[in-house]
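Student: Could you take a close look at one part of this protein with me? I would like to start at the surface and then work inward.

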Amino acid sequence: MKTIMYTLFLILAAGLAGCGNPVVDDSAASNGVLTLPEDEQEEAVYTLDGEWKFYWQRLMLPSEVSGSGADPLYVQTPSGWSDTQTESGPLPNKGYGTYHLEIELPELLTDDTAGIYIPEIATAYTLWVDQKVVAENGTPGVSRSSTRPDHHPQAAYFKPESDTIDLVLHVSEFHQRKSGWWDSFYIGSAENIQSMRDQNTTREVFLVVSLLVMGLYHLGIFVLRPSDTAPLFFGGLCLAVAARTLLLGEVLFLRFFSGIPWEWTLKFEYWAPCLGIVCAILFIYTQYHRDMNIWIRNSFLTLFSLMAFIILVTPARIFTEGMIFLQSTAVLALVYINIVLWTALCRGRRGSRAHAGAMLILLAFVVNDVLHYNHIINTGETVSIGVFSYLFAQSFIMASRFTNALTHSRQLSDRLEKANQTLEEKVELRTRKLTETNQELEKANQRLERMYRARQELMSNISHELGTPMTSIQGYIKGMLDGVIDRGDPAYLQLVYNKTLLLQKITDDLRELAKLESGGITYTFEERNMRDYVETIYFVYKEEIERKGILFTWEDHLPPERNGVVSIDPIRMEQVLSNLLLNAKKFTPSGGTVTLIVQEQEDRHSIMTGVRDDGPGIEGEELPNVFKRFFKGGANVVKSEEGVGLGLAISAEIVRSHGGEVGVESRKGEGSLFYFSLPVFPVNKNDS
């Protein structure tokens, strides 16, 4: 793609450089006489290069030139008269004189209106053709004060009166370093001369507009992206070259700003290269700062900034004398820029190959202009075309970079958008998990707080429960020591022994409850038929309960066709039933009834096993506390029966470990029903 681009640049540049009328330069003036050859090309124009007669320090009218008899100098044109050698040495730059040239026209020009193209002449002139003024620029004079400087190319038209014409040209120069003219005069038909000017103007307008568009475009990019200074310096370089192009060739600048003084126009012409080179150095630095020496860069920037300042504050006769220094420094800067580019190319920097190729195109046009101004070839000034080609290539390179950056940015944006979506999902998920964790922590904190209060209550209860038998034991022993009680009385010794047994039971129950709550007890689960298991327990405890004169009955409310199979630890579950049965025995008076019940729950997914008694019952406000540790009830507790209130708490923990629930139903004076339910796996009786 880049190779195709460079090929197009070369074709475009060659087309711009070669456009125009064909130039016939087979002949040259000699001794002030020029004979133009006949040419079959109707669009041909002729140059007036060669030896012109020159009368130094004399402004002679056309009538005086023809019959003056004065010996003229012969000056080679195009050039300044300072290149002319005399017996006393070369002529000085400052001065005035009269040029004279006799032209023998071809038949093609004698039959039509002719035109003559006059290049820039330093610094004021008046042109006669056959003793008629056809063009003037400024006012030539014999001193600086009498001369009004002005110089820009123009065309003059006249009707030849014969096949030979006389050109007389007054020129004076007191305001800058150059004298004479440095581009060719052209003569041809009026139509061809105007066509040549139109083509030159079209080419320059194309270059200027293109450079302005590129410059403003990149300045706009800089405004949008001020962090990247490369578009700023490249845009400045394009505008500087556009300004320089406006001040060269057809000097289009004067067509837009005709009221600008001549000296300020010249300042702009000299100032534009300074600005352009400063921008070029800074632009190259933004691209290859690792390959450019900062001290050399700053030295060039300082020099060109100083020269730009001198141009602005000094008159043309002073700052134009520094043109050689400006050109030399510009050449050095261009050489150094090429060194930087080739260094970057050797180091494989990104874009260096395309940049170096664009620079080669520019150097080709520079070499062309060197050959042109040394009269080796006659192609006209083409550096502006070379600079345009270079800048256009750079614009393409920068556009490619911006496009790649935009593509990369879009890819990153897409990836970032996907990452953001994933991140949002992760944040939402983690937020939800964090919320759940916070809720769990809050619940755990509440449980810990309840456990803390429960531990405090437990310690208080333990202290109270252990303190009661300990106080009794201490009292009995103290009485024996004081002689109040006979030390050998078996009854009191039996009481002390019984209290120690109570202490041991409290300690064992607390140890077992602690293991149950902490999961420190290992269960051995077995699948058992609950009807058969409960019936077995009934017969085991029947004699012990009825010994107190209590009627112990067994009620089976399970449907005949269903046997409830549960997963239990038989030993631990017997401990639960034992606690419930012995608790019922404790609170049931002689002659009462204790009933062991097994039945299916309404949901048919669990079996309820309960113990009903004829005891005093429990107050309604005490029911929520019966399965708590150390709960012994209120006034309805049988005081003769000792207990620490841990049996029901232990039973509740065992049932919960089996995945079941415990409960109680009671009314004061109507007895109580303590029960628990376990999940069941229903099995048909026929399958059992």
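Student: Which residues gather in a patch of negative charge on the surface?

Tutor: Happy to go through it with you, keeping in mind that this is a predicted model. The negative patch on the surface brings together E38, E107, D111, D112 and E191. Let us take E107 as our way in. E107 sits in helix α3, which spans residues 107–110. Its relative accessible area is 54%, and because the cut-off for exposed is over 50%, E107 counts as exposed.

The surface also has a patch of the opposite sign. K426, R430, R432 and K433 form a positive surface patch. From that group, R432 belongs to helix α12, a helix covering residues 383–482. R432 has a relative accessible area of 41%, so it is classed as partly exposed, the class between the 20% and 50% cut-offs.

Now for the inside, where two residues are worth a visit. H170 is part of strand β14, residues 164–173. With a relative accessible area of 6%, H170 is buried. Setting aside residues up to four places away in sequence, H170 touches L59, M60, L61, G97, T98, A124, Y125, T126, W128 and P140. There is also a C-alpha separation to look at here: H170 and Y55 are 115 residues apart along the chain, and their C-alpha atoms are separated by 9.6 Å.

Following the chain onward, Q176 lies in the loop between β14 and β15, the latter being residues 180–181. Q176 is buried too, at 0% relative accessibility. Not counting neighbours within four places in sequence, its contacts are K94, A122, T123, H151, W262, L266, A316, R317 and T320.

To place these residues in the whole, step back to the chain. It has 688 residues, and buried ones make up 44% of them; H170 and Q176 are among the buried residues. The chain holds 16 helices and 24 strands, including helix α3 with E107, helix α12 with R432 and strand β14 with H170. Among contacts with a separation of 6 or more, 73% join residues 24 or more positions apart. As for the outside, the chain exposes about 35800 Å², with carbon and sulfur atoms supplying 56% of that area.

Definitions and conventions:
Residues are numbered from 1 along each chain as its sequence is written. This is a predicted model: local features need pLDDT of at least 70, side-chain atom pairs count only at pLDDT 80 or more; totals for chains, interfaces and linings use all residues. Side-chain values use heavy atoms; hydrogens and water are left out. Patches are made of residues with over 30% relative accessible area and no salt bridge: like charges are joined within 9 Å, nonpolar side chains (Val, Leu, Ile, Met, Phe, Trp, Tyr) within 5 Å. Accessible areas come from the Shrake-Rupley method with a 1.4 Å probe; for residues, only the protein chains shown count as cover. A salt bridge is a side-chain nitrogen of Lys or Arg within 4 Å of a carboxyl oxygen of Asp or Glu. Lys and Arg count as positive and Asp and Glu as negative; His and the chain ends are not counted. The place of a charge is taken as NZ of Lys, CZ of Arg, CG of Asp or CD of Glu. Helices (H or I, at least four residues) and strands (E, at least two) are DSSP runs, numbered from the N terminus. Buried means under 20% relative accessible area, exposed over 50%, partly exposed in between (1.4 Å probe, protein chains only). Contact means heavy atoms within 4.5 Å.
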